[in-house]
Amino acid sequence: MNPILAGIALAVVAGTVVAVSSRDARTTILGLAVVLIGSPVLADPIPAPLGLATRIVGAILAAYLLWVVARDRPGAGVPSAVTGASRIGWPAESLVAAAAFVVGFAAHGLGAPALGSPLASAAGFAVAALAMPATLTGRDVLRVGLGSVLLVDAALLVRAALGGTPDELEQLIASGTLVVLAGTLATLAGSARADGTGGFGFSLEGRTRRHREPDAHPSDAI
Amino acid sequence: MSLLPFLLVTGLGAIATLMLRDRQRAATRVGVVALIAAVVTGLLIRPSQVIEIGTGGIATTDYLRLFLVLGALVALLLAVVGEATGSRRDAPAVALGILATSALALSLPDPGVAVLAATAGGAFGALVALAPVGGRVGATVGARVLRATAVASTMAIAATAWFGRDLSQLAAQPIVFGLAYLAFALAVAIRFGAIPAHTWAARLTEAVPETTLPLVTALAPAALAIVALAWADASVAPLALDLGSVRVVVLAVAIASIVLASIAAWIQEDIEHVVGYAIVGDAGVVMLAIAALDPAAWAPARTWILSFVVARSAFAAWAAATRATFGTGRITELRGWAVRAPVLAVVLALVVVASIGLPGLAAAEARGALVGLVLDGPLAAAVLLGTLSPLLYYGRLFFFGIERPGRTPRVPWRPVISGIDLTHLRGWLARTWSDNRLVTATGSAALLAVLALVVSAGAFGSPQAAAGLPPTIGISVESFAPGEPLPPEGSDAPSAAPPDATPDGSPSASSAPTAPSQEPSGSPSFEAVPTT
């Protein structure tokens with residue numbers, strides 16, 4: 001086993017733990033950045049430089065888009081915002097990640113020879129195990145969105161583990177997809193944060209069924 | 001490569017429109033101009049062209065061109081209706097983003113990579129939920145869309161990854177193939193908002209204008225559905241496994257969506273809910289195609305998808321125009337709408353014919369063929385009857401529409417155009433636009449309805465394009481121009497391997513297409529090693 005790859009795999013998992021555990025929005029985005037930058041490296045053989053560079057630039061751009069939304073802007077009157085942290089705390093999240101890491105490593109190939117690194121499989125399982133609760137049970141826009149980005153990244157890791165190192169075109173498309181996901185999340189999170197003092201929290205109105213009033217559309221502008 | 005201008009126009013147009021979103025007028029103008037350019041560049045796409053990038057690449061097909069041209073045209077008309085009736089500022093940007101990602105998804109030969117592009121399209125769709133005021137509600141609904149997209153994407157990526165390698169040494173039960181197939185099928189169901197995964201789509205319906213709904217729940221998932229069909233026919237169907245139990249689940253989703261969505265639409269009080277559930281019901285037919293696991297479903301499924309996208313967009317445009325005309329979307333408050341606005345009645349009648357279809361229309365034949373492929377006996381007849389269940393809610397709409405409106409006057413439908421003021425042309429244009437918003441909305445909806453009927457009838461060579469092979473690198477595979485080689489007769493499947501081949505589960509996307517077999521092989525194409 002390549003020790004450098006093992007170190008990167010651990011960094012990816014640690015980044016995920018930070019991303020789903022912290023209440024500080026900027027810290028969670030830092031964790032996400034570590035995951036997105038480390039994920040494409042977890043391949044055997046190492047991806048071609050151009051493809052790798054594409055993913056890393058895309059990861060930095062994705063993190064930056066989210067950073068813009070999460071940073072404090074006291075001058076603009078936007079209050080500091082926190083995101084919903086893990087309900088079980090980072091130690092428990094770490095244990096969940098460790099268990100999933102072992103499962104992913106042991107189940108590498110899922111019953112058939114795989115073309116990629118078992119470390120990618122392990123990291124993919126760990127990231128997915130932590131991302132799933134955040135995605136499905138999150139109560140704020142940023143947490144659900146971060147979970148969604150992590151979930152897709154986990155799927156990409158498992159794909160690299162099963163199918164081998166992605167080619168340059170796949171790296172380019174994957175990078176673009178992650179940037180679009182992060183950009184959409186940044187737009188949604190920014191919109192939520194700019195509306196009132198609730199930070200990134202969900203609106204109660206959007207969570208349940210509602211009847212639209214006749215004048216709900218701006219048809220009066222006609 | 002003729003696809004590049006389309007990708008540039010839609011991709012850069014989406015980015016530019018989003019960057020201008022704080023300046024609504026400028027963003028709308030840029031978006032509409034980019035959509036017009038998308039129609040033009042879509043028409044310039046030439047089939048059977050390839051760009052090789054590394055070991056992969058992108059390729060164009062007739063179906064790709066038709067899908068993109070119709071998609072761009074539909075998006076343009078929806079944008080015009082939306083602008084005339086007062087819509088969200090991000091709708092053109094979302095449409096452009098979905099078109100760009102759909103172009104990629106349908107031109108990538110590798111389904112695993114195409115899924116990623118389709119995922120980006122779904123993510124773009126979340127932006128339509130945002131409103132200039134009350135951003136938190138929109139963001140909440142948008143986050144649900146993003147979540148559904150991510151979950152579906154993860155399932156689809158995992159499914160394609162499972163098949164994308166040599167599985168001849170598989171040490172697991174064949175049911176894992178079924179699970180991979182089920183994962184991708186359910187991913188498509190989630191993206192369409194098919195029942196029972198319809199909650200996010202229902203919330204979206206309540207939060208966005210009608211004109212944006214088909215972009216998110218029809219156009220964007222349609223690209224993923226086409227990728228799923230290609231993947232299933234190339235990777236799963238040739239294995240000739242007994243996946244009956246798994247197919248039952250997919251079939252249940254399809255039938256539930258077809259029948260229950262129509263009932264749900266029938267009992268709704270708001271026309272936007274009717275539109276939302278109508279889309280879900282038609283998506284059920286797409287799920288039928290995925291449940292078929294038969295190469296013969298390839299052509300009718302893709303024919304139906306084209307018709308479905310255009311017809312449901314026309315229905316949404318009608319709903320938006322009706323709401324703007326009468327100031328309400330409550331069906332009970334729309335009594336006499338057809339009498340007061342006969343043009344809108346004609347538009348809805350066209351939509352009914354396009355979506356229900358008359359015998360002989362390509363869409364109706366495709367739907368019937370799909371039902372016949374998946375089911376037989378009384379159940380097939382029942383489901384076929386179920387596909388006509390939209391008549392329930394159409395009938396209800398017309399029932400309220402033909403009630404006597406009392407002394408309420410008819411809605412004027414002629415355009416109001418004053419003399420051109422050459423000294424202040426800009427002001428004259430603004431005034432003319434403002435005076436004719438309703439006429440513009442109704443006219444655009446009528447155009448969409450006519451387009452829907454034409455596509456439903458099989459115009460533009462849609463059945464032939466739908467029967468073509470998926471994009472392939474290395475050989476010109478899809479051309480129906482005179483004098484060029486046609487696909488093998490009777491081959492409307494994308495990739496099925498010849499009977500004497502030994503499929504190993506790896507996708508045949510990058511290999512040259514072979515004549516598909518109409519008959520599945522009688523035995524599994526791999527040896528399962530029992531696990532202990």
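Biologist: Angles under 35 degrees between two axes count as roughly parallel, right? At what angle do α9(B) and α11(B) pack?

Modeller: Right, that's the cut-off. Keep in mind that this is a predicted model. In it, helix α9 (residues 213–236) of chain B packs with α11(B) at an angle of about 5°, and their axes are 11 Å apart. The angle of about 5° is under the 35 degree cut-off, and α9(B) and α11(B) are therefore roughly parallel to each other.

Biologist: Nice. Which residues of α9(B) meet α11(B)?

Modeller: From α9(B) you get Leu213(B), Pro214(B), Thr217(B), Ala218(B), Ala225(B), Ala228(B), Leu229(B) and Ala232(B). On the α11(B) side they meet Val275(B), Gly276(B), Ile279(B), Val286(B), Ala289(B) and Ile290(B).

Biologist: And how many of those are nonpolar, polar or charged?

Modeller: Twelve residues of this contact are nonpolar, two are polar and none is charged.

Biologist: Let's zoom out. How many helices and strands does chain B have?

Modeller: Chain B has 20 helices and two strands. Of its 532 residues, 63% count as buried. Among the contacts in chain B with a separation of 6 or more, 81% are between residues 24 or more positions apart.

Biologist: Pick a helix for me. How many residues of α12(B) are buried?

Modeller: 29 of its 29 residues, which makes α12(B) mostly covered. This helix takes in residues 298–326 and reaches 42 Å from its first C-alpha to its last, close to the 42 Å expected at 1.5 Å a residue. Just after α12(B) comes Gly327(B), with a positive phi near 75°.

Biologist: What about α14(B), how far apart are its end C-alpha atoms?

Modeller: They are 21 Å apart, which agrees with the span that 15 residues should have at 1.5 Å a residue. The residue that follows α14(B) is also a glycine, Gly357(B), and its phi is positive, near 85°.

Biologist: Which residues in α14(B) are buried, and what covers them?

Modeller: The buried ones are Leu344(B), Val347(B), Leu348(B), Leu350(B), Val351(B), Val352(B), Ala354(B) and Ser355(B). Their cover includes α11, α12, α13 (337–340), α17 (390–401) and α19 (437–456) of chain B.

Biologist: Back to phi for a sec. Which residue in the loop between α11 (271–292) and α12 of chain B has a positive phi?

Modeller: Leu293(B) sits in that loop. Its phi is positive, about 50°, although it is not a glycine. Ser48(B) is another non-glycine with a positive phi, near 65°, and its place is the loop between α2 (24–43) and β1 (50–53) of chain B.

Biologist: Is each of those two buried or partly exposed?

Modeller: Leu293(B) has 24 other C-beta atoms within 10 Å and is buried. Buried takes 20 or more, and Ser48(B) has 18 neighbours, so it counts as partly exposed.

Biologist: New topic: where are the cis peptide bonds at Pro45(A) and Pro196(B)?

Modeller: One runs from Asp44(A) to Pro45(A), with omega near 5°. Pro45(A) is in the loop between α2 (25–38) and α3 (49–70) of chain A. The other joins Ile195(B) and Pro196(B), with omega about 15°, and Pro196(B) lies in the loop between α7 (175–192) and α8 (199–207) of chain B.

Biologist: How many residues of chain A touch chain B?

Modeller: 55 residues of chain A are in contact with 63 residues of chain B. α7(A) gives the most to chain A's side, with 17 residues. By class, that side has 28 nonpolar, 17 polar and ten charged residues.

Biologist: Which residues of chain A are in contact with Ala126(B)?

Modeller: Thr184(A) and Leu188(A). Beyond its neighbours within four places in sequence, Ala126(B) is also in contact with Gly142(B), Val145(B) and Leu146(B). With 32 C-beta neighbours inside 10 Å, Ala126(B) counts as buried.

Biologist: Last one: where in chain A is the pLDDT below 50?

Modeller: The mean for chain A is 87, and 89% of its residues reach 70 or more. The stretch below 50 is residues 214–222, which has 21 contacts in the model beyond near neighbours in sequence. Where pLDDT is low, predicted coordinates shouldn't be read in detail.

Notes. Residues are numbered from 1 along each chain as its sequence is written. Chains are lettered from A and ligands numbered from 1 in the order in which they are written. This is a predicted model: local features need pLDDT of at least 70, side-chain atom pairs count only at pLDDT 80 or more; totals for chains, interfaces and linings use all residues. Helices (H or I, at least four residues) and strands (E, at least two) are DSSP runs, numbered from the N terminus. The expected span of a helix is 1.5 Å times one less than its number of residues. A residue is buried if 20 or more other C-beta atoms lie within 10 Å of its own, exposed if 12 or fewer, and partly exposed in between; C-beta atoms are placed from the backbone. Two residues are in contact if their C-beta atoms, placed from the backbone, lie within 7 Å. Ala, Val, Leu, Ile, Met, Phe, Trp, Tyr, Cys and Pro count as nonpolar, Asp, Glu, Lys and Arg as charged, and the others, Gly among them, as polar. pLDDT is the predictor's confidence in each residue, from 0 to 100. Axes are lines fitted to C-alpha atoms, for helices over the stretch in contact, and angles run from 0 to 180 degrees between N-to-C directions. Angles under 35 degrees count as roughly parallel, over 145 as roughly antiparallel, 65 to 115 as roughly perpendicular and the rest as oblique.
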